[in-house]
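Here's a quick briefing to read alongside the model. Have the sequence and the 3D view open as you go through the points.

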Amino acid sequence: MSAVEAKLAELGLTLPEVVPPLAAYQPAVRSGVYVYTAGQLPMVEGKLPVTGKVGAEVTAEEAKDLARICALNALAAVKSVTGDLDRIARVVKVVGFVASASDFTGQPGVVNGASELLGEVLGDKGVHARSAVGVAVLPLDAPVEVEIQVELAP
């Protein structure tokens, strides 16, 4: 077991299977020393636990928890192309999309779910640049979608 996966276990988490693509793309692609993930939905065992807009059908706290699941799914996608999460030198960028009710402005707090998970699991290697974007709708009516870019150690 890798050190990263041991840390996940210590947190009571298990790296899930890679979420299969919903269309014509790969869950993650490596280019040189970087791995870019596709947008990861908060799928759990092939299903979205919650659907709808944040600030309407979904609370900000529920959405923050869903963003954690997205980040966990993103780590699974990274592992699918690297074979070992211990190869991560650092998380470079996180982009979070939040399907938002028209008056919801708490997107940064929602995407903190992903950022905080990466920090808990990777420590200083999990510190990253980030965007948190409110959108009208996401695939399958998901409340949150997260993508990450990581740099690999040589």
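**Sheet and helices**

Helix α2 lies across β1, β2 (34-37), β3 and β5, and its direction is at about 40 degrees to that of β5. Helix α3 packs on the sheet too, touching β3, β4 and β5, with its direction at about 145 degrees to that of β4. Keep in mind that this is a predicted model. The points below go through the sheet, the cores, the salt bridges and a couple of backbone details.

**The sheet**

- The sheet is an open one with five strands, and the order runs β1-β2-β5-β3-β4 with mixed pairing.
- At the edges sit β1 (28-31) and β4, each of which pairs on one side only.
- From one strand to the next, the twist averages 15 degrees.
- As for sense, β3 and β4 are a parallel pair, held over seven bridges.
- Within the sheet, Ala99 stands opposite Val135, which belongs to β4.

**What UniProt says**

- An unreviewed UniProt entry lists residues 5-148 as "domain: Endoribonuclease L-PSP/chorismate mutase-like".
- Across residues 5-148, the chain is 31% helix and 22% strand, and the C-alpha atoms at the two ends are 18 Å apart.

**The nonpolar cores**

- Nonpolar side chains tend to be buried together in soluble globular proteins.
- Here the largest nonpolar core has 37 residues, and the members that touch the most others are Leu75, Leu118, Val144, Ile148 and Val150.
- Two or more residues come from each of α1 (3-10), α2 (60-82), β3 (88-99), α3 and β5.
- Which element gives the most to this core? That's α2, with eleven residues.
- Apart from this core lies another one, of seven residues, including Met43, Ala99, Leu138 and Ala142.
- Val144 is worth clicking on: setting aside neighbours within four places in sequence, Val144 is in contact with Gln40, Leu41, Pro42, Ala63, Leu66, Ala67, Cys70, Phe97, Val110 and Leu138.
- Note that Leu138, one of those contacts of Val144, is a member of the seven-residue core.

**Salt bridges**

- Side chains of opposite charge can pair when their charged atoms come close.
- The structure has five salt bridges, and three of them are picked out here.
- Lys79 and Glu5 make one, with 2.9 Å between the closest N and O atoms. This pair links distant parts of the chain, since Lys79 is in helix α2 and Glu5 is in helix α1, 74 residues apart.
- Is Lys79 buried or partly exposed? Lys79 counts as partly exposed, because its relative accessibility is 27%.
- Glu116 and Lys64 meet through their side chains in another, at 3.2 Å from N to O. Glu116 sits in helix α3 and Lys64 in helix α2, so distant parts of the chain, 52 residues apart, are linked.
- Both partners are partly exposed: Glu116 has a relative accessible area of 35%, and Lys64 has one of 21%.
- Glu120 and Arg68 form a salt bridge as well, the closest N and O atoms being 3.1 Å apart. Because Glu120 lies in helix α3 and Arg68 in helix α2, the pair ties together parts that are 52 residues apart in sequence.
- Glu120 counts as partly exposed at 33% relative accessibility, and Arg68 is partly exposed at 23%.

**A buried serine in α3**

- Ser115 is in helix α3 (residues 107-122).
- Ser115 counts as buried because its relative accessible area is 15%, and the cut-off for buried is under 20%.
- Leaving out neighbours within four places in sequence, Ser115 is in contact with His128 and Arg130.

**Positive phi in a loop**

- Most residues other than glycine have a negative phi.
- Leu140 has a positive phi, near 60 degrees, and is not a glycine. Leu140 is in the loop between β4 (129-135) and β5 (144-152).
- Asp141 has a positive phi as well, of about 65 degrees, and is not a glycine either. Asp141 also lies in the loop between β4 and β5.
- How exposed is Asp141, and what is its relative accessible area? Asp141 is partly exposed, with a relative accessible area of 30%.

Conventions: Residues numbered from 1 in each chain as written. Predicted model: local features only at pLDDT ≥ 70, side-chain atom pairs only at ≥ 80, totals over all residues. Heavy atoms only, no water. Helix = DSSP H or I, 4+ residues; strand = E, 2+ residues; numbered from the N terminus. Buried < 20%, exposed > 50% of the residue type's maximum accessible area, 1.4 Å probe, protein only. Contact = heavy atoms within 4.5 Å. Core = buried A, V, L, I, M, F, W, Y, C linked by side-chain atoms within 4.5 Å. UniProt positions renumbered as here; feature names shortened; annotations may be inferred. Salt bridge = Lys/Arg side-chain N within 4 Å of Asp/Glu carboxyl O. Pairing = 2+ DSSP bridges. Axes fitted to C-alpha atoms, helices over the stretch in contact; angles between N-to-C directions.
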